[in-house]
Amino acid sequence: MEPHLPELRALGADVWAIALTPPRRAAAYLERYPLPLSVAVDPEHKLYDALGLGRTTWWSILSPPSIGRYLAAILRGTWPRKPVKGEDLLQLGGEVVVDAAGVIRWLYRSRTATDRPRVSAVLKAVAQAAATSPTGSNS
């Protein structure tokens, strides 16, 4: 989503990433790899659980599409980091559009380790949330 941050911000979006790691670990990561967006931590998976974001299987993580994605990242110079003890490598992610009033307007739950929504779907959801939000902005 990072290449599309200008488009999302032009629509009034405040983009966040949620890290499933303790605050100290997230801070160390962000110090080494700064992100152009806000980051919150959810080490107990409370938000992920509330949103119904599931878990995957080892087979999904080790599937050809997943390995291809990791290889592509390595070719771009980004090596997968070593997992931290206790980290849930099987936790799936998602994309959520929340309007300015705090109402979830759109939710995409990843089905596999490499499953992501189309950028066009996220942009459309953000635009629709902005149009229906009382203040015209969303997260």
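**Exercise 1. Helix 6**

Task: In this predicted model, find which residues of helix 6 are buried, and work out how they are arranged around the axis.

Solution.
- Step 1. List the buried residues. In helix 6 they are V122, L123, A125, V126, A129 and A130.
- Step 2. Look down the axis of helix 6. The buried residues fall within an arc of 160°, so they line one face of the helix.
- Step 3. Turn to the other side. There, S120, K124 and A131 are exposed.
- Step 4. Ask what the buried residues pack against. Their partners are helix 1 (5-10), strand 3 (94-98) and strand 4 (104-109).
- Step 5. Check the length. Helix 6 covers residues 119-132, which makes 14 residues. Its first and last C-alpha atoms are 20 Å apart, close to the 20 Å expected at 1.5 Å a residue.

**Exercise 2. Strand 3 and strand 4**

Task: Strand 3 and strand 4 are joined by bridges; decide whether they run parallel or antiparallel.

Solution.
- Step 1. Read the pairing. Five bridges join strand 3 to strand 4, and the two run antiparallel.
- Step 2. Pick one bridge. V96 has L107 of strand 4 as its partner.
- Step 3. Inspect the turn. The hairpin has five residues between its strands. In this hairpin, G102 has a positive phi near 90°.

**Exercise 3. Strand 1 to strand 2**

Task: Follow the chain from strand 1 to strand 2 and give the handedness of the crossover.

Solution.
- Step 1. Establish the pairing. Strand 1 (residues 16-19) and strand 2 (residues 38-41) run parallel, joined by four bridges.
- Step 2. Find a facing pair. I18 lies opposite A40 of strand 2.
- Step 3. Trace the connection. After strand 1 the chain passes through helix 2 (residues 23-32) and then reaches strand 2. This β-α-β crossover is right-handed.

**Exercise 4. Aromatic pairs**

Task: Count the aromatic pairs and classify each one.

Solution.
- Step 1. Recall what describes a pair. It takes the distance of the centres and the angle of the planes.
- Step 2. Count. There are two aromatic pairs.
- Step 3. Take Y29 and Y33. Their centres are 5.0 Å apart, and their planes make an angle of 40°. Planes under 30 degrees apart count as stacked and those over 60 as edge-to-face, so this pair is tilted.
- Step 4. Add the exposure. Y29 is partly exposed, at 37% relative accessible area. Y33 is partly exposed too, at 40%.
- Step 5. Take W106 and Y108. The centres are 6.2 Å apart, with 25° between the planes. An angle under 30 degrees counts as stacked, so this pair is stacked.
- Step 6. Add the exposure again. W106 is partly exposed, with a relative accessible area of 22%. Y108 is buried, with 15%.

**Exercise 5. H45 and G77**

Task: Locate H45 and say whether it is buried or exposed. Then find the sign of phi for H45 and for G77.

Solution.
- Step 1. Locate H45. This residue sits in the loop between strand 2 and helix 3 (46-50).
- Step 2. Test burial. The cut-off is under 20% relative accessible area. H45 has 14%, so H45 is buried.
- Step 3. List contacts, leaving aside neighbours within four places in sequence. H45 touches L20, D88 and Q91.
- Step 4. Read phi. For H45 it is near 65°, which is positive, and H45 is not a glycine. Most residues other than glycine have a negative phi.
- Step 5. Turn to G77. This residue comes just after helix 5 and has a positive phi of about 100°.
- Step 6. Check helix 5 itself. Its twelve residues (64-75) should span 16 Å at 1.5 Å a residue. The end C-alpha atoms are 16 Å apart, so the values agree.

Methods:
Residues numbered from 1 in each chain as written. Predicted model: local features only at pLDDT ≥ 70, side-chain atom pairs only at ≥ 80, totals over all residues. Heavy atoms only, no water. Phe/Tyr/Trp six-rings, centres within 6.5 Å; stacked < 30°, edge-to-face > 60°. Buried < 20%, exposed > 50% of the residue type's maximum accessible area, 1.4 Å probe, protein only. Expected span 1.5 Å × (residues − 1). Arc of directions from axis to C-beta. Contact = heavy atoms within 4.5 Å. Pairing = 2+ DSSP bridges. Right-handed = clockwise from strand over helix to strand, strands pointing away.
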